[in-house]
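Work through the exercises below with the sequence and the 3D view at hand. Try each task before reading its solution.

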Amino acid sequence: NTKESENKIEVAEKETESVRSELVLTLLDQPSANKRLQAVNEVNKLNSVTEKILKALFTTLNNDENVNVRLSALEALKKYTDIPLVRNGLISSIAIQKSPMIQMELADLMVILQEKKAVKSFKKLIKEDDVNSSAKEKMEESIQSII
């Protein structure tokens with residue numbers, strides 16, 4: 001009987017994860033920034049993520065018009081930096097970001113990860129005229145910490 005109960009609990013947990021995953025994908029498509037933030041918060045409750053959810057988080061990080069939603073997506077992705085898809089996606093994202101807050105967060109993260117592949121992207125951003133001077137300083141510091 002205990003075995004049967006354990007199986008039922010396991011099935012229920014898998015169903016909950018599945019429903020939560022679908023909820024995340026649905027909420028990320030909502031016009032309301034609050035709903036999209038809620039989606040990212042739901043990701044944080046998941047025990048594991050699918051490639052589909054990770055890709056949805058990257059779409060959010062790289063394209064959402066709301067900087068808070070993008071920052072939340074970045075926060076959620078930080079938990080999965082051991083996955084090559086996530087690590088490479090974050091490196092690719094550096095060149096896309098226009099928000100100084102996100103550029104600085106990515107700079108900090110790349111130092112923590114000691115990600116040498118990020119240096120080239122940071123150097124390129126530093127040369128751009130429209131990049132915030134504080135963000136440029138942060139990226140220069142990060143390059144020094146990584147090399």
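**Exercise 1.** Is E51 buried, partly exposed or exposed? Then describe the salt bridge that E51 makes with K55.

*Solution.* Keep in mind that the model is predicted.

Step 1. The relative accessible area of E51 is 47%. A residue is buried under 20% and exposed over 50%, with partly exposed in between. E51 therefore counts as partly exposed, at 47%.

Step 2. The partner, K55, has a relative accessibility of 45% and is partly exposed too.

Step 3. The side chains of E51 and K55 meet in a salt bridge, with 2.9 Å from N to O.

Step 4. Both residues belong to helix α3 and are four residues apart, so about one helical turn separates them.

**Exercise 2.** Which residues are linked with K45 in a network of salt bridges? Examine the pair K45 and E42.

*Solution.* Step 1. The network links R20, E42 and K45.

Step 2. Within it, the side chains of K45 and E42 form a salt bridge of 3.2 Å, taken from N to O.

Step 3. Helix α2 holds both K45 and E42, and the two are three residues apart, about one turn of the helix.

Step 4. Now compare accessibility. K45 is partly exposed, with a relative accessible area of 45%, whereas E42 has 9% and is buried.

**Exercise 3.** Which parts of the chain does the salt bridge between R36 and D64 link?

*Solution.* Step 1. The structure holds nine salt bridges, and R36 with D64 is one of them. The closest N and O atoms of this pair are 2.4 Å apart.

Step 2. R36 sits in helix α2 (residues 33-45), while D64 sits in the loop between α3 (51-63) and α4 (67-78). The two are 28 residues apart, and the pair links distant parts of the chain.

Step 3. Both R36 and D64 are buried.

**Exercise 4.** Which residues of helix α7 are buried, and why do they lie on the same side of the helix?

*Solution.* Step 1. Helix α7 covers residues 118-127, and its buried residues are A118, V119, S121, F122, L125 and I126.

Step 2. These residues span an arc of only 160° around the axis, so they are on the same side of α7.

Step 3. The other side of α7 has K120, K124 and K127, which are exposed.

Step 4. The buried residues of α7 pack against three helices: α5 (84-96), α6 (100-113) and α8 (133-146).

**Exercise 5.** What does the side chain of S93 make a polar contact with? Describe the surroundings of S93 as well.

*Solution.* Step 1. S93 is part of helix α5. Its relative accessible area is 0%, so S93 is buried.

Step 2. The side chain of S93 makes a polar contact with the side chain of Q97, at 2.9 Å.

Step 3. Set aside the neighbours within four places in sequence. S93 is then in contact with L61, N62 and L106.

**Exercise 6.** Where is Q114 found, and what is the sign of its phi?

*Solution.* Step 1. Q114 belongs to the loop between α6 and α7.

Step 2. The phi of Q114 is near 50°, which is a positive value in a residue other than glycine.

Step 3. Most residues other than glycine have a negative phi.

Step 4. Q114 is partly exposed, with a relative accessibility of 38%.

Note on methods. Residues are numbered from 1 along each chain as its sequence is written. This is a predicted model: local features need pLDDT of at least 70, side-chain atom pairs count only at pLDDT 80 or more; totals for chains, interfaces and linings use all residues. Side-chain values use heavy atoms; hydrogens and water are left out. Buried means under 20% relative accessible area, exposed over 50%, partly exposed in between (1.4 Å probe, protein chains only). The arc is that of the directions from the helix axis to the C-beta atoms. Contact means heavy atoms within 4.5 Å. A polar contact is a pair of N or O atoms within 3.5 Å; within protein, one must be able to donate a hydrogen and the other to accept it, and residues adjacent in sequence count only if both atoms are side-chain atoms. A salt bridge is a side-chain nitrogen of Lys or Arg within 4 Å of a carboxyl oxygen of Asp or Glu.
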